[in-house]
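Q: I would like to take a close look at one part of this structure, the links between its cysteines. Please walk me through them slowly.

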Amino acid sequence: MTTTFSSGEGNEGSIYTTDLNAYCTSEHTGTSASAPFGAAIIALALEANPQLNWRDMQHLIVRSSSSSGFVARQKTTEFETNGAGFAVSHVFGFGLLDAYALVSIAKTWRTVPQQRICSIQSIPIQRTAYNQPNNKCRSNNFHFNNCHSQCNGGCCGPKETDCVYCSNFIESDGVTCVAQCPPGYEVLATARAAKQCQKADRIIRPRKETRHYINVRRNSCKASDSVRFLEHTILELTIEHSRRGDLEIKLRSPKGTLSTLLERRSFDRSAKGFQKWKFMSVHFWGEDPEGIWVLTILDVPSQRNQQIGFLEEFTLHLHGTSTHPQPGWTMPPLLPKTRQIQGVQREDFHSAIDSSPLNHNCASFQNHNCHEFCTGGCCGPHPLQCRFCKHAMSKDGSTCLQQCPYRQFLNSKRQCQDCQHPCDHCANQPDVCTRCVAGYTSDGRGGCDKECELGEYTHPETHECRKCHPSCSRCSGPYANECRACTSEFTFLEAGVCRTRCQDGFYPDLSTHVCNKCHDDCKTCTGGSARDCTSCHYNSLVQNGQCLQTECEDMMKVNLCYNVLEFCEVAVVADYCCSTCRTNRLANRNRRALENSP
């Protein structure tokens, strides 16, 4: 989050400090030198205000660190001003930690409000081949009478979701057979998902950039979890990829702030991908999260014949407060000029290239007793007397602001400019909407569409209102797996599909009427934890709601060996079918122990 002094490169010098045997040293280096500086400065702040907690301290660090004096030697070291007006860098955090500023702010700082967490979860993708629909028709009594036109090999009912095999393609829900894939979908050619329609923004292709749009609305979370002022932002990802070190992951907020969550790593050759991996960023500190977030995944393959990857699911966790963390707070006066170190200026200074001067008639400027919105000096204590603006300049160029008002955005000259209708808020350009005015809804690509009636959706190409699938009361497309809410005939929403009951692997949440995924250990369950299992994969034994673990981690041969469990006592079978046989013996041993117990 912040930076303190340490050793430089080559002959740039190191830190002077005490040494062993009553000597001093001039060669103290690295984090061993910088960490004590940070700890000591934070200790001074705690001495000034012992009531500070860890979140208070992080707020103070954000506000007191200075981005002035840094030389950008490469793109990653440059500072970017986020949507709340804080300068932040991927290398230096919020800048150099200023002891005087930190202690000055700490003296009057009030404990921040309770932290709230708003989580926006995606629908997990279901990868299934066209000849293996997840509808259990192959294991039930199927027939060849009155089957749907998209069925092949028989059916167990008249619908396109009752096919034994699909004639052409299978949708991303893993159940519905279709003649062709809808707009925005691509046909997969992998063995695991042959001829399946899958959303293009969930497929990670070599040498291509995948973008996924996450729409955060004011009502995305219940009122008690609402976040208006961000602190930490965590993106939890599950990605399947054959070489995860080739991936670069970035996240852009509705205010236009870009955070690199993961850079390419040439020595990370793992084929395990990321399983619910959490990436955290503080670059969006203080921003309002409402609007369109853009997740970008770039695959730069380091080997030939690179396979495609999949963004299987994600959750965006927004940590922050529903009210301003410090209402009415202003930056304390700067250190008096007589006590400043010559040549050191505490404020950030943006050249005229980055920020235009205000429209006033000041003849001379000073660097003390300026308003917190000023940079580069001022001719008085008010924001309309700044030389340059630290955060944003009003549209008419008369005063400095902390951020642009609604329906305006910050242009390249750090001046507020009007958004185009029907944007209620825009980022970087007047026609790139992150929020839409009443009567319009975001199309997820920076545009606004007219709101459709209940049971309708906006077509992505024609922008016309069209009918949802009959099972959906709200939807994102015409198909059965694109529901966002269900009609009264259906009870539960499961991975975009409306159902009368939850399928195996999911459990019902009666408060939200949504089918949530069971823990990975469970085949069926009553809740989301590993202790809520009612049955387990491969007939593993359930004890106190928990699946007993296998003695062997090799799960590659389970399906091949499942039919020879009665021969597990044969050495060659036991050796080859390691996991299945040992799991079976473990289960039998535990069953016998339970049967023989008093």
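How many disulfides does the count come to?

A: In this predicted model, the count comes to 21 disulfides, and three of them can be followed one after another here.

Let us begin with Cys 147 and Cys 155, which form a disulfide with their sulfur atoms 2.0 Å apart. The torsion about the S-S bond of this pair is about -80°, so the disulfide is left-handed. Its two ends sit in unlike surroundings: Cys 147 has 27% relative accessibility and therefore counts as partly exposed, whereas Cys 155 is buried, with a relative accessible area of 0%.

A second disulfide joins Cys 374 and Cys 386, whose sulfur atoms are 1.8 Å apart. Because Cys 374 belongs to strand 20 (residues 374–378) and Cys 386 to strand 21 (residues 386–389), the pair ties together parts that are 12 residues apart in sequence. This link is left-handed, with -65° about the S-S bond, and both Cys 374 and Cys 386 are buried.

The third is formed by Cys 472 and Cys 483, with 1.8 Å between their sulfur atoms. Since Cys 472 lies in strand 32 (residues 472–475) and Cys 483 in strand 33 (residues 483–486), this pair ties together parts that are 11 residues apart in sequence. The torsion about its S-S bond is about -55°, so this disulfide is left-handed. Cys 472 is buried, with a relative accessible area of 4%, and Cys 483 is buried too, with a value of 2%.

Terms used. Residues are numbered from 1 along each chain as its sequence is written. This is a predicted model: local features need pLDDT of at least 70, side-chain atom pairs count only at pLDDT 80 or more; totals for chains, interfaces and linings use all residues. Side-chain values use heavy atoms; hydrogens and water are left out. A disulfide is a pair of cysteine sulfur atoms within 2.5 Å. Buried means under 20% relative accessible area, exposed over 50%, partly exposed in between (1.4 Å probe, protein chains only). Helices (H or I, at least four residues) and strands (E, at least two) are DSSP runs, numbered from the N terminus.
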